[in-house]
Amino acid sequence: MPATKDSTRGTRGIRAASRPARPFTLWREVLTAYAAPALTAGAAGVVTGQRDLAVAACTSIAGTSAVVAFLVGAWLRHGGQPRRWTTTMPRVVLTTALVLATVGAAAPLGWFAAQWLPSHTPVPAGPWLERLRIDLPASAALATTIVTLRWRGTTTASPA
């Protein structure tokens, strides 16, 4: 039986390559970084009956994602002139380096907040404070990965 060629297979790449990349807009990335985890984790909390997850979805999880998306996105844009090494470094290496940096900052912050807040402020100790130890680094990792990949998808490597 003769082999047939899938006509859509060859044109998809052409259409995707000819379509201009959607520009990187920081406010849109921050809004998405807040809304996506708030909706998904919130829905999971409601469906599974975990009230603390539903509350954390809109506070620590989505809030951390939005803050990290803003900070990483603003740093990557660097005032409209990206750093040369961020555009020439392989996408996976850049993403991994930024994820390690943000998780390295968010994890100690979560641990510190869980211990410091109840003993130095009127904030009562509770299970939501213990969630910070996981919510902050996990949200930072996801937001950094998505924002970095989206940003790199809209930039082109500078010629050497």
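So, contacts along the chain: of those between residues at least 6 apart in sequence, 73% join residues at least 24 apart, where contact means heavy atoms within 4.5 Å. Keep in mind that this is a predicted model, where local features need pLDDT of at least 70, side-chain atom pairs count only at pLDDT 80 or more, and totals for chains, interfaces and linings use all residues. Residues are numbered from 1 along each chain as its sequence is written, and side-chain values use heavy atoms, with hydrogens and water left out.

On confidence, pLDDT is the predictor's own score for each residue, from 0 to 100. The protein's mean is 83, and 81% of its residues reach 70 or more. Among the elements, helix H1, residues 7-18, has the lowest mean at 52, and H2 has the highest at 93.

The fold is quick to describe: six helices, zero strands, so just α-α-α-α-α-α when you read along the sequence. Those are DSSP runs numbered from the N terminus, with helices being H or I of at least four residues and strands being E of at least two.

Okay, packing. Of the 160 residues, 34% count as buried; that's under 20% relative accessible area with a 1.4 Å probe on protein chains only, with exposed being over 50% and partly exposed in between. A nonpolar core here is a set of buried Ala, Val, Leu, Ile, Met, Phe, Trp, Tyr and Cys residues joined through side-chain atoms within 4.5 Å. The largest one has 20 residues, and Val72 and Leu76 have the most contacts inside it. H2 (26-48), H3 (51-77), H5 (91-120) and H6 (127-154) each supply at least two residues of this core, with the largest share, seven residues, coming from H6. Val72 itself touches Leu98, Thr102, Thr144, Val147 and Thr148, if you don't count residues up to four places away in sequence. There's also a second, separate core of five residues, including Ala41 and Leu53.

While we're on H6, have a look at Ala141, which sits in that helix. Leaving aside neighbours within four places in sequence, Ala141 is in contact with Val99 and Val103. Its C-alpha is 6.8 Å from that of Thr102, and those two residues are 39 apart along the chain.

Now, pockets. We work on a 1 Å grid over the protein atoms alone: a pocket is an open set of points with protein on both sides within 12 Å along at least five of seven lines, a cavity is a set where a 1.4 Å probe fits but cannot get out, and lining residues have an atom within 4 Å of a point. Points are joined across faces, edges and corners, and volume is the space filled by probe spheres set on them.

The largest pocket comes out at about 270 Å³. It has 17 lining residues, and the closest to its centre are Ala33, Pro37, Ser65, Leu142 and Ala143. H6 gives the largest share of that lining, eight residues.

What is the volume of the second largest pocket? About 200 Å³. Val72 turns up again here, lining this pocket along with others, including Thr102, Leu109 and Ala140. This time the largest share of the lining, five residues, comes from H3.
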